[in-house]
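Subject: Structure handover

Hello,

Here is the structure I promised to pass on. Please open it alongside this note.

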Amino acid sequence: MIKQMNAKAVICVDVSKESVYDYYEYGTSLSGFWLLINSLNPFSKTVRVLSMGDLSQKLIWVSCENRRSEVLNSADLFLTPPVSDFGVLDYDKFDEIVQKGYEYAVPRIDAFIQKNPWVVSNN
């Protein structure tokens, strides 16, 4: 694909958010009756288990991580700007996100160009 687009270098930017989950470690099986009793008991801490949506999201994440490693190996420069504090719908923070990304990327791109001057040459 690089040759088809006549690109000299491939720069990838990963803006995905690292997911941190705090689920109950229930092992290889989970009793629905135990879960029901636990949720009704006011004296026990309610445990959090994966929902079908959470499970689907984890499966998508696994697939994306597999693809991410492939892209990482083929990229000349891989950037991961510190934008994980922002959500998908934070449109009102657009300028702040752009500024953070710019401040992160400029020194790394400059260093990349210094190491690889052929990227900006006209040849």
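My notes follow, from the whole chain down to single residues.

Overall layout

Please keep in mind that this is a predicted model. The protein chain holds four helices and two strands. Read from the N terminus, the order of elements is α-β-α-α-β-α.

The radius of gyration is 22 Å for the protein chain, whereas a compact globule of 123 residues would come out near 14 Å. The C-alpha trace covers about 70 × 30 × 20 Å along its principal axes. Of the 123 residues in the protein chain, 13% are buried. The exposed area of the protein chain is about 10200 Å². Carbon and sulfur atoms account for 58% of that area.

I also looked at sequence separation. Take the contacts in the protein chain between residues at least 6 apart in sequence: 62% of them link residues at least 24 apart.

The core

Which residues make up the largest nonpolar core? There are five: L77, L79, Y104, A105 and F112. Strand 2 (77–79) and helix 4 (94–115) are the elements that each contribute two or more residues to this core. Helix 4 has the largest share, with three residues. As background, nonpolar side chains in soluble globular proteins tend to be buried together.

L77 is a good place to start browsing. Setting aside neighbours within four places in sequence, L77 touches V10, I11, C12, R108, I109 and F112.

The surface patch

Y24, Y26, L30, W34, L50, M52, L55 and L59 form a nonpolar surface patch of about 750 Å². Helix 3 (residues 52–74) is the main contributor to the patch, with three residues.

L50 is one of the patch residues. Where is L50 found? It sits in the loop between helix 2 (32–40) and helix 3. L50 has a relative accessible area of 30%, so it counts as partly exposed.

Three more residues to look at

D14: this residue is in the loop between strand 1 (11–13) and helix 2. Is D14 buried or exposed? Its relative accessible area is 15%, and the cut-off for buried is under 20%, so D14 is buried. Beyond neighbours within four places in sequence, D14 contacts R68, F78, L79, T80 and P81. Of these partners, L79 also belongs to the largest nonpolar core.

N38: this one lies in helix 2. N38 counts as buried because its relative accessibility is 10%. Which residues is N38 in contact with, leaving aside its neighbours within four places in sequence? They are S44, K45, T46 and V47.

F43: the loop between helix 2 and helix 3 holds this residue. F43 has 80% relative accessibility, and exposed begins over 50%, so F43 counts as exposed. F43 and E25 are 18 residues apart along the chain. Their C-alpha atoms are separated by 19 Å.

In brief

For a quick tour, begin with the five core residues, including Y104 and A105. Move on to the nonpolar patch, where W34 and L59 are among the members. Then visit the loop between helix 2 and helix 3, where F43 is placed and L50 is found. F43 is exposed there, whereas L50 is partly exposed. Finish with D14, which is buried, and N38, which is buried as well.

Best regards

Definitions and conventions
Residues numbered from 1 in each chain as written. Heavy atoms only, no water. Core = buried A, V, L, I, M, F, W, Y, C linked by side-chain atoms within 4.5 Å. Buried < 20%, exposed > 50% of the residue type's maximum accessible area, 1.4 Å probe, protein only. Contact = heavy atoms within 4.5 Å. Patch = residues over 30% accessible without salt bridge, like charges linked within 9 Å, V, L, I, M, F, W, Y side chains within 5 Å. Areas by Shrake-Rupley, 256 points an atom, 1.4 Å probe, with all protein chains shown as cover. Salt bridge = Lys/Arg side-chain N within 4 Å of Asp/Glu carboxyl O. Rg over C-alpha atoms; globule rule 2.2 N^0.38 Å.
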